[in-house]
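I open these notes to keep track of what I look up, entry by entry, and in what order. I begin with a term and then go to the model itself.

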Amino acid sequence: MVLCQGGGGDAAPAAGEQEPEVPPGREDGPGAVQPCLCPAPGVEAADAEERRACGCCSGMSWPFCCEAPGTKKKAACPGLGLFYTILSAFLFSVASLFLKKIEDVHSVEVSAFRCVFQMAFVLPGLIYYKTGFLGPKGKRIFLFFRGFLGSIAMVLLYYAYQVMPLADATVITFTSPVFTSLLAWIFLKEKCSPWDLLFTLFAITGVILIARPPFLFGSRVTGIEGSYSDHLKGTIAAIASTLSAASTIVILRKVGKSVHFFLSIWYYAVIGLIGCVIALFVLNEWRLPHCGRDRVFLILIGLLGLGGQTFLTKALQIEKAGPVSIMRTMDVVFAFILQALFLNHLPTWWTVGGALCVVASSIGTAIRKWRHSVKKAKQREI
């Protein structure tokens, strides 16, 4: 008999809708990797009826496992993970478009509806995996801040979508990987290379080109949707949302894999819903949409958001995080297309230049992290 150790696929969720990470606790589910005893090559099993679960084949019984002679692995469809990523980006972009189309509904109320949909989606998973609703005692404070910061990021992002061009807000959110690297360097003592500083400079340049502050570009700022004050408020909200989303990713890294990712989403939805309800009563903004179209849009925003998150998670289960992070920049392309087709707002060259800077920064950060993870994986094999 020989001892074999199974290897599982990488899985990941999201935050608040901004940076991909490996979900904590995914390995604790039914498909968890467990050491098992398989017959050594050339040794027949003592009992033909006896079958032992093997982690290296995701729980299939021997002799049908990957170590059995003559057994072929089921080949994964090449490019399926990247297709899921593109589909996720498209669904997120359409949800943002519907948010722009909604009238007289505050961004906090839209966030509350989104939290309700997430709770309905996550609750069966919590019951199925028997994770409980509070999590480990030592991790609850981290889960609370993950939910609090994640819900703030969602509200601020929805506000930015409502008051500034769709493409501009989308581009700013793609500075999240850069801010995540900086926060991880500050709080988790992760290494920060000169490349990280260069990508940060690119991201800041892109945001400046999109915001176009008057003290740099003069008093006449062209290509702004609505008033410049709203544009500036939306820019600040988008940056704050990105910082909050990056903070949640750092918290998830701190928590590690000891907490199931469903618990992380559960805290995000519950704390977000409670905060949104309180804020709506304080602002006196709680009201149902006046027309049926806006009500349909609210439902579609919730469904599309869940669909986008599901496909992004599936993509990261079967594809490496590096290519997925790069392909996620298609979100910017979809935002420009949808803005031009359905909102009749053509981007200026300043916005295009800012988008190129931010996308280059995001892609550069993703490639650097991808190469670093591949290098570490090769060192472990050696």
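Before placing any residue I note that helices here are DSSP runs of H or I with at least four residues, numbered from the N terminus. By that reading, T235 lies in helix 8. I also record at the outset that the model is predicted.

**Entry: the chain as a whole**

I looked up the overall make-up and found 13 helices and two strands in the chain. Of its 382 residues, 47% count as buried. I then turned to contacts with a separation of 6 or more, and noted that residues 24 or more positions apart account for 82% of them.

**Entry: T235**

Going back to T235, I asked whether this residue is buried or exposed. Its relative accessible area is 3%, so I wrote T235 down as buried, given that the cut-off is under 20%. The side chain of T235 reaches the backbone oxygen of H231 at 2.9 Å. Setting aside neighbours within four places in sequence, I listed M164, I172, V207 and A211 as the residues in contact with T235.

**Entry: helix 5 and helix 9**

I checked the length of helix 5 (residues 176-187), whose twelve residues should span 16 Å at 1.5 Å a residue, and the end C-alpha atoms are indeed 16 Å apart, which agrees. The buried residues of helix 5 include P177, V178, F179 and L183, and I noted that its buried residues pack against helix 4 (166-173), helix 6 (194-211), helix 8 (228-255) and helix 13 (349-381). Just after helix 5, K189 takes a positive phi of about 60°.

I repeated the check on helix 9 (residues 261-283), where 23 residues should span 33 Å and the end C-alpha atoms are 32 Å apart, which agrees. The residue that follows helix 9 is N284, whose phi is positive, near 60°.

**Entry: the nonpolar cores**

I next asked which residues have the most contacts inside the largest nonpolar core. The core has 37 residues, and those with the most contacts inside it are V110, Y158, Y161, V171, I301 and V332. The elements giving two or more residues to this core include helix 2 (107-129), helix 3 (140-163) and helix 12 (330-342), while the largest share, six residues, comes from helix 1. Another core lies apart from it, with 13 residues, among them L126, I265, Y267 and I271. As background I wrote that nonpolar side chains in soluble globular proteins tend to be buried together.

I followed V171 further and found that, not counting residues up to four places away in sequence, V171 touches I210, V332, F336, G354, A355 and V358.

**Entry: helix 1 against helix 10**

I counted nine aromatic pairs in the structure. One of them joins Y84 and F311, a tilted pair with 5.6 Å centre to centre and 40° between the planes. Because Y84 lies in helix 1 (residues 80-101) and F311 in helix 10, the pair ties together parts that are 227 residues apart in sequence. Y84 counts as buried at 18% relative accessibility, whereas F311 counts as partly exposed at 27%. F83, Y84 and F311 form one aromatic cluster.

I then looked up S88, which is also found in helix 1 and which counts as buried at 1% relative accessibility. Leaving aside neighbours within four places in sequence, S88 is in contact with G308, F311 and L312. The C-alpha atoms of S88 and A315 are separated by 8.8 Å, although the two residues are 227 apart along the chain.

For V296, I noted a place in helix 10 (residues 292-318) and a relative accessible area of 44%, so V296 is partly exposed. The C-alpha atoms of V296 and F98 are 9.5 Å apart, with their positions 198 residues apart along the chain.

**Entry: cysteines**

Last, I asked how many disulfides the structure holds. I found zero. C115 is in no disulfide, and the nearest cysteine sulfur, that of C276, is 5.0 Å away; the cut-off for a disulfide is within 2.5 Å. C115 is buried, with a relative accessible area of 0%, and C357 is buried as well, with a relative accessible area of 16%.

Key. Residues are numbered from 1 along each chain as its sequence is written. This is a predicted model: local features need pLDDT of at least 70, side-chain atom pairs count only at pLDDT 80 or more; totals for chains, interfaces and linings use all residues. Side-chain values use heavy atoms; hydrogens and water are left out. Buried means under 20% relative accessible area, exposed over 50%, partly exposed in between (1.4 Å probe, protein chains only). Rings of Phe, Tyr and Trp (its six-membered ring) pair if their centres lie within 6.5 Å; planes under 30 degrees apart count as stacked, over 60 as edge-to-face and the rest as tilted. The expected span of a helix is 1.5 Å times one less than its number of residues. Contact means heavy atoms within 4.5 Å. A polar contact is a pair of N or O atoms within 3.5 Å; within protein, one must be able to donate a hydrogen and the other to accept it, and residues adjacent in sequence count only if both atoms are side-chain atoms. A nonpolar core is a set of buried Ala, Val, Leu, Ile, Met, Phe, Trp, Tyr and Cys residues joined through side-chain atoms within 4.5 Å.
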